Amino acid sequence: VDSANKYKVDPKLLIAMMQQDSSLGTKGLGAKNNNPGNIGQFDELGTDGVEGYKTLGEGVDAVAK
């Protein structure tokens with residue numbers, strides 16, 4: 001909710017996006033690198049540019065932004 005308020009987005013939309021992308025940060029690469037929105041992740045394409053965050057909060061902020 002803090003991230004949604006910070007970037008002025010609907011918290012329900014933010015949660016829905018993260019649910020769809022990584023099961024709220026519990027599945028796939030999003031769970032491994034604090035990236036619940038899979039921002040900049042290209043695991044299916046096999047590229048090296050997988051982006052991760054130091055904390056889950058940073059990852060949630062990235063989705064909201």
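I15 is partly exposed, with a relative accessible area of 44%. That value falls between the 20% limit for buried residues and the 50% limit for exposed ones. The residue sits in helix α2. In this predicted model, I15 and P36 are separated by 21 residues in sequence, and their C-alpha atoms lie 9.7 Å apart.

The protein contains 4 helices and 0 strands. Read from the N terminus, the order of elements is α-α-α-α. Of the 65 residues, 28% are buried. The accessible surface amounts to about 4400 Å². Carbon and sulfur atoms contribute 53% of that surface. Among contacts with a separation of 6 or more, 30% join residues 24 or more positions apart.

The largest nonpolar core has 6 residues: A4, L14, M18, V60, V63 and A64. Two elements, α2 (11-22) and α4 (56-64), each give two or more residues to this core. Helix α4 provides the largest share, 3 residues.

The packing of α2 against α4 was examined next. The two axes are 10 Å apart and form an angle of about 110°. An angle of 65 to 115 degrees counts as roughly perpendicular. Helices α2 and α4 are therefore roughly perpendicular to each other. Their crossing is right-handed. On the α2 side, the residues that meet α4 are L14, M17 and M18. Their partners in α4 are V60, V63 and A64. L14 and M18 also belong to the largest nonpolar core, as do V60, V63 and A64.

M18 has further contacts. Leaving aside residues up to four places away in sequence, M18 touches S23, L24, G25, P36, G37, V60 and V63. Two of these partners, V60 and V63, are buried residues of α4. S23 belongs to the loop between α2 and α3 (28-32).

The buried residues of α4 are G59, V60, D61, V63 and A64. Their cover includes α1 (2-6) and α2. D61, which lies in helix α4, touches S3, K6 and Y7 when residues up to four places away in sequence are not counted. S3 and K6 fall within the range of α1, residues 2-6. D61 and N35 are 26 residues apart along the chain, with 9.7 Å between their C-alpha atoms.

S22 is placed in helix α2. Its relative accessibility is 2%, so S22 counts as buried; the limit is 20%. Beyond residues up to four places away in sequence, S22 touches K27, G30, P36 and N38. P36 is also a contact of M18. N38 is placed in the loop between α3 and α4.

Two residues other than glycine have a positive phi: S23, near 50°, and N38, near 55°. S23 lies in the loop between α2 and α3, whereas N38 lies in the loop between α3 and α4. S23 counts as partly exposed because its relative accessibility is 24%. N38 is likewise partly exposed, with a relative accessible area of 24%. Each of these loop residues has a contact in α2: S23 is touched by M18, and N38 is touched by S22.

The loop between α3 and α4 also holds G40. At 28% relative accessibility, G40 counts as partly exposed. G40 and G52 are 12 residues apart in sequence, and their C-alpha atoms are 8.5 Å apart in space.

Definitions and conventions. Residues are numbered from 1 along each chain as its sequence is written. This is a predicted model: local features need pLDDT of at least 70, side-chain atom pairs count only at pLDDT 80 or more; totals for chains, interfaces and linings use all residues. Side-chain values use heavy atoms; hydrogens and water are left out. A nonpolar core is a set of buried Ala, Val, Leu, Ile, Met, Phe, Trp, Tyr and Cys residues joined through side-chain atoms within 4.5 Å. Buried means under 20% relative accessible area, exposed over 50%, partly exposed in between (1.4 Å probe, protein chains only). Contact means heavy atoms within 4.5 Å. Accessible areas come from the Shrake-Rupley method with a 1.4 Å probe; for residues, only the protein chains shown count as cover. Axes are lines fitted to C-alpha atoms, for helices over the stretch in contact, and angles run from 0 to 180 degrees between N-to-C directions. Angles under 35 degrees count as roughly parallel, over 145 as roughly antiparallel, 65 to 115 as roughly perpendicular and the rest as oblique. A crossing is left-handed if the near helix is turned anticlockwise from the far one by less than a right angle, and right-handed if clockwise.
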